[in-house]
Amino acid sequence: MSRKKLPIGIQTFREIREEGYYYVDKTGIAQQLLDEGKYYFLSRPRRFGKSLFLDTLAELFAGNEPLFRGLAIHEHWDWNRRYPVIRISFGGGVLQSLAALETRIGNLLEVNAQRLGLATFKATDIPSRFAELIRETERVHGQRVVVLVDEYDKPILDNFTRPETAREMRDGLRNLYSVIKDSDAHLRFAMLTGVSKFSKVSLFSGLNNLNDITLDGGYSAICGYTDEDVDTVFAPELAGLDRDEIRTWYNGYNWAGTSVYNPFDLLLLFQKRQFHPYWFETGTPTFLIDQLLAKRVFSPDLGRLVAMETLLSSFDVDCMPVEALMFQTGYLTVDSLLSMGARTEYTLKYPNLEVQASLNGALLEGLTGDPSLPGRQTGQLYRLLLANDFTGLQQLFTAFFASIPHDWYRNSPIAQFEGYWASVFYSHFAALGLDIRLEDTTSHGRIDMTVLFNGSVYLFEFKVVELVAKGKALPQIQERGYAEKYRARGEPIYLISVEFSHRQRSVVGFEVQQDK
């Protein structure tokens, strides 16, 4: 196979097909959508190819047959029938008031009316104009209408730090979207996509006929690249790259079905030939970090959260469960699910090394109040582990906690809960992307943290001396035989107890013993 151009940032199906770019065929999934229903909603994180998928649907309904030659749907579509398409996208710019939103909606409706050859609107309010646009489009073109809405939630998300404005945006969008259900007789198909999954009560109360395929396993790969896609479509790009490392860094996003890669990551990897957190760096999750700190989330728990399906769907301006926030933004993904009658329980995890390391690095900055501290710290931690320099490790963390200003400790709510100390310690290791097992189960109990690195096994036990008497951590590791689980590996095993003092704001105990 010859190499093609990499479609970095390109969301236009026609350009990809006509200009010789790589294309991962999603038209088989499009066929499945069309065969199974009429109204759909899909939530996926940013930069996952949602806009390209909608553009593919638009070209399909418009009957642009040459673009689909050689693709899965080509022989199964009636190219003699063309449907008019109304396209609405809130992707461009930031809207900061309800008036600005209403102006934008008015402009979008007008642009569609002109493109579709319609006369000037008679209606004045937004719902009536949208309904008129749908009816007149069907009348003029003689076919039922397709409605495609991209980034349906962006006006709300752009204002999340301003809750009152966010609520106004939500209500204004609900006013628009409710028209879709009332226009059923005039519609052939409708699909809304975005990052978040707002509760139906808050945003879709007038549009309760949407089929939400966000967690439908059969559509898990509707956006993103699968392992098979990487090995076939992108085979010419793999030379010189470690295939297992590609999986470790970027694979793992899952919505109860096939796991996928974020396209943006892979395309930039193939271009630059270096492993780097490309997706993470396209949007600093400041709001997410602030929420995690405000809710005093215990960072070691982030990669193993358990949530019911109803919780993952309860996202709203006034209700932002950590599980829903992290899942919908792409920082956690489905690890496994358990059906319990009418309910489903999901276990969530970090999707891959990029997210685990980058998110914990960002979280460290918030946990310490100084963006410059973690960067200096993690590099030194890595070198100390390579050398098994445990004296240096103790000195590193003791000095680290001492370097955090007293005023920050006093004024920061996050520093007042007992899990703070272990969170900081854990996030240092997680920011390095090491193989970490938390509350590692053995036949005798649970190890607080196991780290597999450098051909060695490190077993950590954490204690806060104000809660448990000093000197209890290492005996617990020894007495409960935590090392037994790993002896068959034939690697050196180090038992490490770390004791913190909330009052002294420091590491006050650090003992290491090699298992014999």
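# A quick tour of the cores and sheets

The largest nonpolar core has 142 residues, and F130, M191 and F429 are the ones that touch the most other members. Helix 19 (residues 419-431) gives the most to this core, putting in 8 residues. Keep in mind that this is a predicted model. Here's a walk through the main features.

**The cores**

- Take F130: leaving out residues up to four places away in sequence, F130 touches I86, I88, L109, V147, L176, V179 and I180.
- Apart from the largest core lies another one, made of 22 residues, with V24, L238, L241 and F264 among them.
- As a bit of background, nonpolar side chains in soluble globular proteins tend to be buried together.

**The open sheet**

- One open sheet has 5 strands in the order 2-3-4-1-5, and the pairing is parallel.
- At its edges sit strand 2 (85-89) and strand 5 (211-212), each pairing on one side only.
- Strand 1 (residues 39-43) runs parallel to strand 5, and 2 bridges join them.
- In that pairing, F41 stands opposite D212 in strand 5.
- Helix 7 (residues 163-182) packs on the sheet, where it touches strand 1, strand 3 (145-150) and strand 4 (187-194).
- The direction of helix 7 makes about 150° with that of strand 4.

**Strand 12 and its partners**

- Strand 12 (residues 493-501) is mostly covered, with 9 of its 9 residues buried.
- I493, L495, S497, E499 and S501 point one way from strand 12, while Y494, I496, V498 and F500 point the other way, and all of them are buried.
- That fits a general pattern: in a regular strand, side chains alternate between the two faces of the sheet.
- Strand 11 (residues 456-464) pairs with strand 12 in the parallel sense over 8 bridges, and L459 stands opposite L495 in strand 12.
- Strand 13 (residues 506-514) runs antiparallel to strand 12, and 8 bridges join the two.
- Here F500 stands opposite V507 in strand 13.
- Strands 12 and 13 form a hairpin with 4 residues between them, and R505 in the turn has a positive phi of about 55°.

**A buried glutamate**

- E323 lies in helix 14 (residues 322-329).
- Why does E323 count as buried? Its relative accessibility is 18%, and buried means under 20%.
- Not counting residues up to four places away in sequence, E323 touches L305, V306, A307, L311, L312 and L348.

Key
Residues numbered from 1 in each chain as written. Predicted model: local features only at pLDDT ≥ 70, side-chain atom pairs only at ≥ 80, totals over all residues. Heavy atoms only, no water. Core = buried A, V, L, I, M, F, W, Y, C linked by side-chain atoms within 4.5 Å. Buried < 20%, exposed > 50% of the residue type's maximum accessible area, 1.4 Å probe, protein only. Contact = heavy atoms within 4.5 Å. Pairing = 2+ DSSP bridges. Axes fitted to C-alpha atoms, helices over the stretch in contact; angles between N-to-C directions.
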